[in-house]
Every structure is written in structure tokens, then in C-alpha cells.
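Take a look at the protein shown here. This report walks through its overall make-up, its cavities, one helix and a few single residues.

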Amino acid sequence: MKGVQLFFYLVMLSILLYIAYFVTQQKEFHHSQRMGATNEYSKHQPVILDPKEAEKHEEVNINTEQAGNGEEEKFPVEMLLITSIIKHVSYCKQWIEIGTGSGIESVWLRMNLDQRKTLISYDSSSTRVNTAESVQDQTKGEITFISELSKLLELIEQHHGMQIILIHSDSVSVDDVEAIISLLPEYSLVILPREVYDTLSEQQEVPFDNFFISESWRELTDALDSPAVVLEKLLQRDRNPEFPWDLFPDGVGVDSIELQDPHPFDKRLDWLVFLRIQKCGTKTLESIVTKQIRPSACSRDFFVSPAADNIACHLFSLCLDELPMVKEQQDNACRLFVEHHCDWEDIFNVFDISDSRVMPITLLRDPVSRVLSEFRHVYKSHKTAWDYCPSMEGSAAFSKQNFLDFLGNPANHMGMRNRQTRMLAGCGSIQLCFEIYANEREMLETAKRHLLECSVVGLLERFGDMIVHLNYHFGWEIEEYKIVEESSDQKQLDWDVDDETRNAILEANHLDQKLYEFASALVDYRTEQLRERLGG
């Protein structure tokens, strides 16, 4: 038995040495991809590594002696294919590998996925139980090892976004595969050896009717001379032809646009988390929702998520420092988080977005109106702002030229350029957005997907509709409310907002404009559904 364990560890060591070399090569590629990133919004094809580079990384075959039976098993590790898919669908948050046996693939896959992604490894064999602990020790992040199909199916159903299934061998139960793929949402991928796919298709043992091999994935596997097949689940967009699907983000099933069923808010068990973006009417909404929960027991401390390159400039405490403690303190007193301007990254590093008891809400605003409102709030009054460094630029006049100078100043990028997209996508205060997202399109798509994960989404321009949605979803009875204004809201601009001003704002906030268009379509669609449910 000791000999088997020694052999296993030697194999692991050799694989890790190979991985170290491979990862080094991929970092160079990743850097070149970032340097060449564009701001275009056209749908891009999967990243295909140079075939000449592929020659350096031949298919790896690992022989492992199965404990107790003396048999050898061969399985391919499609490193180049998987690496290319990871780069292309970086927004996919859940990977599931099936039938790995010894778990060596788990080590490699976990090391190549960033730590915000979930890796589930399903194998009902006894080998998994024996090796799970040792494999876990070799990786930088967590791996969820599962040997019961029912538990895996439960995790698949709980995850609302795209998922990728990686089938390693033909020893996997056909019934297991059928049960798993039947639960996958649209856009999900199934990667499996070609011979396994051919066998299952010919015998019609697994229904692949809802899956297809897209031209882009076929080109990728052909370019890499890969023996694998990449299946993509068909979209069902024809069910809702009136929705503007050109605005819809990649990697999310169409059911995510549907109006959610009511969830009466339980003050003892539920958490209401308000992703509060500056100058979107959030103070009014805060006062409304706070009255519905325990106002006297809620923390009144305020927190912000400044950009990583502006970390020294903030009036309030940092979300990443204070939020864990606040959540623990309020856990039994006030399950409401509204006193902040924390972004998605900082919030959901503490709260579990997959928990049905955690209910996010957010409010967006027309980008032109929002930027002008923020300008009035912070210009020449930085000491009362959130994440601006003190500035002495310009005169105190709210003139057009002073505004355009302020808008164009790179030092003011945190509030003047795409604040809504960055807050919803989530960058936190440790990394810059371009260190997390390969390009602007990826950040925008992430913000849209997070918007779809919110229990209630509203627009300041349609505030009354949001109140109706809050009443419906949480079982509240809000009949009247008071608009809460700040002194800066009373300040008047010294010029009429003209086309030049609007165009300058939209050029600097092109992502926010795209996000607002999508949010508007989503609110339109759900509000119409709500009218039908309420009978009017």
C-alpha cells in the first residue's frame, strides 16, 4: 500500500512541475491578450492559442495504478483546450468535472481557475474518497468533492448562471450524465471525449437534443487537434420574442429575465442587501426600506469601496475592512445592509449570493443625470464626498467649462466614468478593474449578469414602479414616501445642458449607457408581467 502511495505522489510531483512550466507560458499569453484588448462590443470568438505554441504542450497521458485492483487507467488532460475555454468564458463561475478517479485533473483545473470560481469534482468511486484530502493539499483553492449524485444535482439547481461540465472518461454512468445535463441552464457547456459523445449519440442513451456544436467551438477544437467535443446548450429566446436580446449578457439562461415569485421578507432570517450607487436616488430608497425593517437596531456607520488606485482618498471607512464585522454584529439585530457605497465584489465576498435568504436590490439612473448630480455634489466640496481626493481645480462656478474640465480629469474617473457598471461588476479596493476583467465588454457583461441576480431592480426615473415591485416581492405595504434631498441637489448649474455636454458625458460613460438600456428593458418586461399578475 505504501508503494502505491509513493507512486501516486511521484506522479503528482511530475505533473505539478509540468504545470509550473505551462502556467508560465500562459501568463505571457494572458499579458499579450490584455495589451491587445479593445473596447469593441462585437461578439468575439473563442481565444485560440497559436498551433505552433500547441506543439510545446502535447497531450498529457497519465498512468495511475488504481488502488486495490492493480489496473491502469489512461486519461487525457486537454490542457490547451480547457485553458482556451477558461479565457473565453471567464464569466462562468461554476465548473464541474465528472469521472476523474484519481483527482490529478482536479489539481490542474483548480490552479488555472481564479479563486472566485467554484470547482466541483464528482466521482462515485472509492478512489475519490482516498485521494480527496491529498489533492486538496496540492491546490490553492477549495474543491468540493462529491460522491452522491443527489448532492451534485442540488448544487446545479442552486446555481443560476452558466455552468461547464467536463466529462473525463466513458466510465461515467449514462444515467448520471442524463440527469446532470437535463438541469443545465442555457449557454452551459459540456466537454467530453469525442468517442464518448459518438457512442452516446449513436445509442441515443443521452438526449443531446438541446445541445449543439457551434462553429466557433468546432474551429477551436480543430485548431488544437483536440479529441474532445464542446457542446453548448441551446437558447430559448424565441419564447420571449419581444425582449431586446441583443442587450442580453452571455452565459445566463433566458429564465433570469422573468419576474421572481414573491418572497415575504422575514426580519429574523432574511438579509436585504442594497447595492447602493452614488446619486441614484438611494437616500430616498434607504429611508423607505429601513422603515420596513428594524430601524433602531441598524448600524449607522457608512462605508465605501474606493478604486484601488485611489485607496488613500476616502472620507468613510473601507467596505472590505468593516463589512464582515458589521454583518456579524447585525446578524440578530438588523438584517439590513444599506449604509454604504460598497460594490458587488466587497459585498458578496461577505454575503453568499447563492443563499436564497440573501436578497439584493439596486437602483440605476440615466447616466447623464447621474453624472451631473454627482458633479453638483462633489465639486468644490470634496470633504463631504465619498472617494475623491481633495482638489482645488477651477473656480467655484458651476459653469459648462468647469464641468467639462472636471469630467475629463483622470483624477475624477471613479465618479465621472462608468461608476454604475464598475459598482455592479465589482472590482473591490484591492485590484483595479483592468486587472480583473480582460476588457470593458467583459466588465459590462458581468454587471448585467449581476443585475439579473438582484431580487428587485429599479430605475430612478420610474421610482414608483420600484415601490410596487418592492411591495409585491417582499410583502410590504408602502403607500406613501417622502423624497429625501441633499443640499447639493438644490444647486443649480450655470448653463443649460446641451448636446455637447450630453455627448461628452455619454462618451465617458458608454458602459453605463449600455447597462442602463439593458436595465430599462428588464424593468419594462418585469413590470408588464407584474401588471398581468396583479390583474391590471
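Helices and strands are DSSP runs, numbered from the N terminus; a helix (H or I) has at least four residues and a strand (E) at least two. With that numbering, Asp-225 can be placed in the loop between α9 and β9 (228-233). The model is predicted.

## Overall make-up

The protein has 21 helices and 16 strands. Its length is 536 residues, and 53% of them are buried.

Consider the contacts with a separation of 6 or more. Of these, 75% come from residues 24 or more positions apart. The protein exposes about 24,600 Å². Carbon and sulfur atoms supply 49% of that area.

## The cavities

There are 2 cavities of 30 Å³ or more in the structure. The largest has a volume of about 90 Å³. Its lining includes Leu-259, Gln-260, Ser-455, His-469 and Arg-526. Three elements give two or more residues each to this lining: β16 (456-459), α19 (463-474) and α21 (510-534).

Helix α21 supplies the largest share, 4 residues. What classes of residue line the largest cavity? The lining has 6 nonpolar, 5 polar and 1 charged residues.

## Helix α6 and its two faces

Helix α6 spans residues 149-158, and Leu-152, Leu-153 and Ile-156 are buried in it. Why do they sit on the same side of α6? They cover an arc of only 100° around the axis, so they share one side of the helix.

What does the buried side pack against? The buried residues of α6 pack against the strands β3 (94-98), β4 (118-122), β5 (144-146) and β6 (163-167), and against helix α7 (174-182). The face turned away from the buried side carries Ser-150 and Glu-157, which are exposed.

## Around helix α9

Helix α9 covers residues 215-223, and Thr-221 is found in it. Is Thr-221 buried or exposed? Buried means under 20% relative accessible area. Thr-221 has 5% relative accessibility, so it counts as buried. Leaving out residues up to four places away in sequence, Thr-221 touches Leu-81, Ser-226, Ala-228 and Val-230.

Now return to Asp-225, in the loop between α9 and β9. Exposed means over 50% relative accessible area. Asp-225 has 69% relative accessibility, so it counts as exposed. Its phi is near 50°, a positive value in a residue other than glycine.

## Two asparagines in loops

Asn-418 lies in the loop between α15 (413-416) and α16 (419-425). Phi of Asn-418 is near 55°. That is a positive value in a residue other than glycine. Is Asn-418 buried or exposed? Its relative accessible area is 6%, so Asn-418 is buried.

Asn-332 belongs to another loop, the one between α11 (319-330) and β13 (336-337). Asn-332 has a relative accessible area of 70%, so it is exposed. Where is Leu-269 relative to Asn-332? The two are 63 residues apart along the chain, and their C-alpha atoms are separated by 8.7 Å.

Key: Residues numbered from 1 in each chain as written. Predicted model: local features only at pLDDT ≥ 70, side-chain atom pairs only at ≥ 80, totals over all residues. Heavy atoms only, no water. 1 Å grid on protein atoms, 1.4 Å probe; cavity = no way out; pocket = protein on both sides within 12 Å on 5 of 7 lines; lining within 4 Å. Points joined across faces, edges and corners; volume = space filled by probe spheres on them. Nonpolar A, V, L, I, M, F, W, Y, C, P; charged D, E, K, R; others polar. Buried < 20%, exposed > 50% of the residue type's maximum accessible area, 1.4 Å probe, protein only. Contact = heavy atoms within 4.5 Å. Areas by Shrake-Rupley, 256 points an atom, 1.4 Å probe, with all protein chains shown as cover. Arc of directions from axis to C-beta.
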